[in-house]
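Subject: The structure, with notes

Hi,

Here is the structure I promised to pass on. Have a look at it first, and then read my notes underneath.

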Amino acid sequence: MLSGYPPGVSGNEYAIAGPDSETEMPSEVCDKCGVTGMTLVTYRYDAWLACDCGADRDYNPEDTRDPDTRDR
């Protein structure tokens, strides 16, 4: 089957397919410009925060599991 992509390119790469999801995170503050509100971007198993100024950083969510079952 011809895909129109060069050898070794599936079309599922981030640069071609784009993010799996984008979610506004109003409480996150950009380290570069100080603006409140960043976008949570996910692609496969990776997640990062992106700002309109072009800055991005890894997303490390707080542990939100139920405290009664967290350490099991």
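Below is what I found, going from the whole protein down to one residue.

One thing to keep in mind is that this is a predicted model.

Let me start with the overall layout. The protein has one helix and four strands, and along the sequence they come in the pattern α-β-β-β-β. There are 72 residues, and 21% of them count as buried. The accessible surface adds up to about 5900 Å², with 48% of that belonging to carbon and sulfur atoms. As for contacts with a separation of 6 or more, 18% are between residues 24 or more positions apart.

Next, the sheet. The four strands make an open sheet, in the order S1-S2-S3-S4, and they pair in the antiparallel sense. Which strands stand at the edges? Those are S1 (21-29) and S4 (56-58); each has a single partner strand, so one side of each has no neighbour in the sheet. On average, neighbouring strands in this sheet are turned by 30° against each other, ignoring direction. As general background, strands of a sheet pair through backbone hydrogen bonds, and that pairing can be parallel or antiparallel.

Now for S1 and its pairing with S2, if you want something to zoom in on. S2 covers residues 36-43, and the antiparallel pairing of S1 and S2 runs over six bridges. You can check the register by eye: serine 21 sits opposite threonine 42 in S2, and glutamate 22 sits opposite valine 41 in S2. Together S1 and S2 form a hairpin, with six residues between them. In that turn, look for glycine 34, which has a positive phi of about 80°.

Last, a residue to click on: glutamate 28, which is part of strand S1. Which side chain does the side chain of glutamate 28 make a polar contact with? It is that of arginine 57, at 3.1 Å. Leaving out residues up to four places away in sequence, glutamate 28 touches Val35, Thr36, Gly37, Met38, Leu49, Arg57 and Tyr59. Two of the names there link back to the sections above: Thr36 lies within S2, which spans 36-43, and Arg57 lies within S4, which spans 56-58.

Have fun looking around, and write back with any questions.

Cheers

Conventions: Residues are numbered from 1 along each chain as its sequence is written. This is a predicted model: local features need pLDDT of at least 70, side-chain atom pairs count only at pLDDT 80 or more; totals for chains, interfaces and linings use all residues. Side-chain values use heavy atoms; hydrogens and water are left out. Two strands pair if DSSP finds at least two bridges between them. Axes are lines fitted to C-alpha atoms, for helices over the stretch in contact, and angles run from 0 to 180 degrees between N-to-C directions. A polar contact is a pair of N or O atoms within 3.5 Å; within protein, one must be able to donate a hydrogen and the other to accept it, and residues adjacent in sequence count only if both atoms are side-chain atoms. Contact means heavy atoms within 4.5 Å. Buried means under 20% relative accessible area, exposed over 50%, partly exposed in between (1.4 Å probe, protein chains only). Accessible areas come from the Shrake-Rupley method with a 1.4 Å probe; for residues, only the protein chains shown count as cover.
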